[in-house]
Amino acid sequence: MIVGFGALNLDIILKVERIPNPGEESFVIDIEYHPGGSAANTIAGLATMGVECAFIGKVGDDNYGKILLKDFEKRGVELSGVKIEKGRSGVAMIFVDRSGERAILVDPGVNDTIKYDEVKREIVENAKIIHLTSFICKNSEDSFKSQKRIAKEVEIVSFDPGMPYINRGLEEIEEIISNTTIFMPNKQEIEMLIGERYDVASREVARLGVEIVVVKLGENGCYILKGNEEFRVQPFNTKVVDTTGAGDAFNAGFLYAWYHGKSIEACGKFGNYVASKIIERVGARGYENIDLKKIV
């Protein structure tokens with residue numbers, strides 16, 4: 001079983017003429033509502049592709065929380081690790097321009113308040129892989145502290161830090177990284193974290209005990225370091241509509257292949273392919289029509 005531990009957000013996607021700079025104005029073309037959250041998107045993808053999955057997280061006792069739980073339920077995600085708490089569910093307002101680029105504002109709601117003793121032990125004990133992603137930690141450090149403890153208890157940890165954790169700096173997240181098997185940042189994140197070009201930075205991260213470093217390079221595919229071996233996996237052709245969830249979709253494809261015993265290079269291909277299909281439509285969870293048999 002693969003278990004996700006991260007934020008659950010309702011994505012309010014505003015398609016705009018352009019993303020304005022401070023003091024400027026633009027206009028909204030359309031508004032859509034989609035379930036989101038980085039780890040949640042990855043787990044939704046894995047479950048849709050047939051992997052047994054569960055999730056550790058929180059939603060509020062509101063309509064947004066009901067939408068988030070319903071989406072997981074229809075995909076077959078085990079929900080006993082998701083707590084319902086009085087308050088607001090997390091919300092991400094995502095502004096997407098005509099080229100598919102985006103800007104995001106997040107209200108974490110109850111996401112940040114997951115205490116260690118609230119985490120269901122059975123789910124952690126049954127996890128083959130636990131996939132961690134960042135919390136905003138606006139009002140509480142509880143969820144971040146819980147992740148640091150859980151990372152020490154699971155054999156295989158995959159970790160996509162996201163910009164909220166990158167901004168904390170290496171010292172604060174090293175406790176998670178040192179217990180990570182598969183580290184999955186994008187190019188900008190790992191270069192900010194280490195202060196070196198992504199391939200050099202990957203070797204620095206590997207020295208902390210990480211077995212596999214996977215750097216997402218967007219339109220240039222991905223770079224993978226495993227031991228002394230380096231892999232550069234080329235992207236698939238695609239038409240960009242919305243880049244929301246591209247990295248999460250890559251994670252789903254990579255972990256799907258890893259879970260099924262594929263080679264490291266094949267894992268990169270699976271990640272690139274799933275990401276290429278997700279960005280062809282609006283929203284982060286358009287996994288239903290992805291045909292993994294097309295990957296050669």
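Start by selecting residues 2-5 and 53-60: these are strands β1 and β4, which run parallel and are joined by four bridges. Zoom in on Ile-2 and you'll find its bridge partner in β4, Cys-53. Keep in mind throughout that you're looking at a predicted model.

Now add helix α2, residues 63-75. This helix packs on the sheet and touches β4 and β5, with its direction at about 170° to that of β4.

**The nine-stranded sheet**

Time to bring in the rest of the sheet. What order do its nine strands follow? Reading across, you get β5-β4-β1-β8-β9-β10-β11-β12-β13, in an open sheet with mixed pairing. Colour β5 (82-85) and β13 to mark the edges, where each strand pairs on one side only.

Stay at the β13 end and select residues 222-226 and 229-233. Those are β12 and β13, paired in the antiparallel sense over five bridges. Leu-225 stands opposite Glu-230 in β13 here. Just two residues sit between the strands of this hairpin, and Gly-227 takes a positive phi near 60°.

Before you leave this sheet, show α7 (187-194). Helix α7 lies across β9 (156-160), β10 (182-183) and β11 (212-216), and runs at about 120° to β11.

**The four-stranded sheet**

Next, hide all that and select residues 9-16 with 90-96. You now have β2 and β6, a parallel pair held by seven bridges. Look for Asn-9, which stands opposite Gly-90 in β6.

Put in the other two strands and the order is β3-β2-β6-β7, again an open sheet with mixed pairing. β3 (28-36) and β7 (102-107) are at the edges with a single partner strand each, so one side of each has no neighbour in the sheet. Turn the view to look along the sheet: the twist averages 20° from one strand to the next.

**A pair of helices**

Select residues 142-150 and 170-177 for helices α4 and α6. How do their axes cross? They come within 8 Å of each other and cross at roughly 40°, which makes α4 oblique to α6.

Show side chains to see who meets whom. From α4 come Phe-144, Gln-147 and Lys-148, and from α6 come Glu-172, Ile-173, Glu-175 and Ile-176. By class, this contact has three nonpolar, one polar and three charged residues.

**The largest pocket**

For the last stop, select Arg-102, Asn-186, Thr-243, Ala-246 and Gly-247, then centre the view on them. Of the 50 residues that line the largest pocket, these lie nearest its centre. The volume of this pocket is about 1,600 Å³.

Which elements give two or more residues to the lining? Several are already familiar from the tour: β2, β6, β7 and α7. The others to switch on are α1 (38-48), α5 (162-166), α9 (246-259) and α10 (264-278). β7 gives the most, with five residues.

Finish by colouring the lining by class: 21 of its residues are nonpolar, 19 are polar and ten are charged.

Methods: Residues numbered from 1 in each chain as written. Predicted model: local features only at pLDDT ≥ 70, side-chain atom pairs only at ≥ 80, totals over all residues. Heavy atoms only, no water. Pairing = 2+ DSSP bridges. Axes fitted to C-alpha atoms, helices over the stretch in contact; angles between N-to-C directions. 1 Å grid on protein atoms, 1.4 Å probe; cavity = no way out; pocket = protein on both sides within 12 Å on 5 of 7 lines; lining within 4 Å. Points joined across faces, edges and corners; volume = space filled by probe spheres on them. Nonpolar A, V, L, I, M, F, W, Y, C, P; charged D, E, K, R; others polar. Parallel < 35°, antiparallel > 145°, perpendicular 65-115°, else oblique. Contact = heavy atoms within 4.5 Å.
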